[in-house]
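Visitor: I'd like a close look at one loop residue, then a quick tour of a few other spots. What does it touch, and how far can I trust the model there?

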Amino acid sequence: MTDTTSALRICPLCEATCGLTVTVGDGRITAARGDREDVFSRGFLCPKGAALGALDADPDRLTRPLVRRDGRLTEATWEEAFAAVAEGLAAVRRDGDPDATAVYLGNPNVHSMAGALYPPVLLRALRTRNVFSASTLDQMPKHVSSGLLFGDPLAIPVPDLDRTDHLLVLGANPVDSNGSLATAPDFPGRLKALRRRGGRLTVVDPRRTRTARLADRHLAIRPGTDALLLMSVVHVLFAEELTDPGAAGPHLTGTERVRELAAGFPPEAVADACDLAAGEIRTLARELAAADRAAVYGRIGSSTVEFGTLTSWLVDVVNALTGNLDRPGGAMFPLSATGPAPRPPAPGKGFTLGRWHSRVSGRPEAKSELPTAVLTEEIRTPGTGRIRALLVLAGNPVLSAPDGAALEEALATLDFMVSVDPYLNETSRHAHVVLPPPPPGQAAHFDFAFNALAVRNQVRYTRPAVPPEADRPSECALLARLVLCAGGTPERDPASVDALVVDHTLSRAVADPHSAVHGRDPGELAALLTGENGPERRLDMMLRLGPYGDGFGADPGGLTLERLLAHPHGIDLGPLRPRLPEVLRTRSGTVELCPEPLAAEARRLGAALASRTREDELLLVGRRHLRSNNSWMHNVPALRGGTNRCTLQMHPEDAARAGLADGEPARVAGDGGTLEVPVEVTDALRTGVVSLPHGWGHHRPGTRTRVAAEDPGVNVNQLLDGSRYDPLSGTAVLNGFPVRVTPARAASGRTAGASQVAAAEAVE
């Protein structure tokens with residue numbers, strides 16, 4: 001009989017960050033269940049967390065590095081792999097152009113401790129302005145709107161779910177996604193609790209999602225018109241004298257400018273565009289104003305559209321005008337244990353867009369990133385500054401970015417490419433070196449990003465549930481060695497990276513007059529740090545310097561790594577509390593409710609409304625599934641099948657007009673190409689709208705994801721060419737774009753699916 005043990009592990013597979021109790025036997029996770037003592041998740045578990053062991057043990061996960069030799073990826077030793085990385089990067093960087101090297105950061109980075117600690121150091125070593133990430137395919141509009149409003153792109157208010165009386169949800173389906181930019185284990189349970197205590201849930205979505213089915217009211221809006229709806233709500237609030245900013249009022253500036261902008265958006269003017277009755281819009285505004293505690297929450301369906309930044313801004317404008325910004329039950333700012341300690345309010349540096357622009361099409365940066373949609377042209381277009389080397393950290397942009405076929409062709413022309421990924425997937429198969437991190441069960445876990453978005457303040461840390469393999473670097477060590485290769489010192493000890501960060505951080509802290517360690521000796525403080533390794537020492541430092549920390553002895557009851565380890569199920573730090581004006585970093589020291597870039601976007605919205613014409617094209621939206629997270633998990637059998645399928649959902653009336661029946665193949669055409677996909681006829685979405693899930697298209701040769709390849713689906717983003725985008729954030733339009741749907745049997749020539757395969761074969 002095999003001896004088994006149990007261990008605690010924070011789930012890294014979505015933003016809910018649930019605590020798990022895992023069973024370990026024969027050096028692997030054999031079972032996982034919810035940790036009932038976890039201070040945040042209280043035993044909640046979804047199918048993804050239950051499948052953590054299967055994900056860990058996936059036989060298609062790479063266990064050794066791959067290095068391209070004579071055009072083929074072959075297994076190599078770790079020393080050989082890092083030598084190849086150092087040599088390849090040095091060759092590209094030898095001409096002195098740091099922008100010839102680019103970095104793409106995928107979504108999984110924010111789900112791992114290593115992905116939070118080391119990419120910032122890597123970017124400093126590379127000194128490149130060519131930084132891309134999944135953010136411009138997802139949430140960048142919220143960062144930009146928060147930066148302009150509050151002066152800090154990371155100051156994102158989240159709905160205080162456990163105390164609100166009325167929650168308005170736009171473009172989000174947290175019952176399936178488990179929440180996003182609002183870290184909330186058991187989001188479904190929290191919504192049900194809202195209803196039980198007499199609260200109200202309103203969902204705005206073109207699909208009758210599982211979240212919409214829980215709602216008191218479901219408004220089936222036309223995709224892409226959320227900004228019009230919210231601008232009209234603002235109009236009603238002013239026109240009917242329903243505004244009352246409450247305690248946040250003294251911190252707001254620009255309110256009158258918002259009133260002027262909203263004057264041109266009465267419900268009657270936007271009703272046809274939104275396909276909602278004017279009376280419904282007025283009722284929505286009145287209910288938000290009348291609720292004792294209300295919160296507006298918008299996510300990816302309202303973000304990845306042409307006016308995504310404007311919509312994200314209006315979410316917080318409505319919260320502010322109704323007195324629900326920064327008050328219990330409204331939209332509040334979490335206080336993470338590793339965030340900066342509060343300091344006296346003072347004007348900050350503010351937030352600036354467009355400090356540099358992409359070389360080819362001149363797209364502006366946002367939050368030090370360029371739009372992922374321009375990555376292809378930056379590789380393919382000759383000239384000074386052309387991207388010749390690419391480092392992809394935990395990302396699969398061939399599937400997640402517009403026009404993956406064109407990106408594949410571009411990747412094949414790179415002088416050098418490194419991919420840090422556990423799989424040989426649609427993107428990593430083009431790399432010259434693939435560095436696979438160990439399975440999640442072998443990694444420690446701390447949620448740096450998601451604790452700053454949590455609906456309740458708390459702190460939790462788990463060490464590896466499964467003993468790490470002795471002959472394999474941890475993910476932290478792997479990324480630290482990548483930093484050293486980028487810095488031209490591959491021979492140095494990876495621990496030196498952590499030591500350098502500790503020294504730099506403590507030196508800045510002791511020089512800060514507002515710090516609890518002001519004037520002390522950095523070396524003395526470094527000697528007080530605890531932990532088994534460099535990453536733990538860095539965590540201990542961040543906890544001690546953070547808002548709940550012991551300040552290296554200044555507050556003996558404060559937080560340290562040792563205290564956190566003594567509470568294996570976490571420490572509850574209490575409900576969210578008002579934080580204005582301490583979170584503000586604007587030049588004025590106020591919430592700048594109407595910054596000029598957003599005022600200009602509001603005027604553009606008005607012009608678009610005035611020139612709008614009705615189109616016969618269908619609008620395509622994405623959809624989420626509880627057992628999926630982008631393209632990560634399609635290779636785990638336990639998370640496949642059932643309703644987790646790649647189908648084109650159509651309303652019965654639209655299907656009948658197109659001459660399509662349930663299960664028949666349809667040909668879908670967009671700006672960037674065509675696809676062939678089976679139809680799923682359902683009344684769960686409104687007329688005029690079709691839906692395809694994101695993250696599919698596992699048909700490329702040369703990948704090693706056998707389960708995913710058995711039912712590959714199609715890549716919805718191949719319908720796009722990258723020309724549609726939100727101008728402020730650079731975010732690609734992935735929702736609400738027009739498509740044409742016809743029966744595949746009536747299409748002439750090659751199908752789109754065949755075209756994608758042909759393109760893949762051409763670059764293999």
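Guide: A contact, or a touch, means heavy atoms within 4.5 Å. On that basis, and leaving out residues up to four places away in sequence, Q442 touches P464, V466, P467, P468 and E469. Bear in mind that this is a predicted model, where local features need pLDDT of at least 70, side-chain atom pairs count only at pLDDT 80 or more, and totals for chains, interfaces and linings use all residues. Numbering starts from 1 along each chain as its sequence is written, and side-chain values use heavy atoms, with hydrogens and water left out.

You'll find Q442 in the loop between β17 (433–435) and β18 (457–459); helices (H or I, at least four residues) and strands (E, at least two) are DSSP runs, numbered from the N terminus. Its relative accessibility is 12%, so Q442 counts as buried (buried is under 20% relative accessible area, exposed over 50%, partly exposed in between, with a 1.4 Å probe and protein chains only).

Now hop to R472, in the loop between β18 and α19 (475–486). R472 is buried too, at a relative accessible area of 9%. Skipping residues up to four places away in sequence, R472 touches L62, T63 and W78, along with the prolines P436, P437, P438 and P439. There's a long-range link as well: R472 and P65 sit 407 residues apart in sequence, yet 10 Å apart in space, C-alpha to C-alpha.

For a contrast, try V360, in the loop between β14 (331–332) and α16 (375–380). V360 is partly exposed, with a relative accessible area of 34%. Again setting aside residues up to four places away in sequence, V360 touches E377, E378 and T381. The C-alpha atoms of V360 and R386 are separated by 9.1 Å, with their positions 26 residues apart along the chain.

If you'd like a helix pair, look at α6 (residues 140–150) and α15 (residues 308–321). There P141, K142, V144, S145, L149 and F150 in α6 meet G308, T309, S312, W313, V315 and D316 in α15.

How far to trust all this? The mean pLDDT (the predictor's confidence in each residue, from 0 to 100) is 95 for the protein, and 97% of its residues reach 70 or more. Over residues 748–764, though, the pLDDT is below 50, even if this stretch has 29 contacts in the model beyond near neighbours in sequence. Where pLDDT is low, the predicted coordinates should not be read in detail.

Methods
Axes fitted to C-alpha atoms, helices over the stretch in contact; angles between N-to-C directions.
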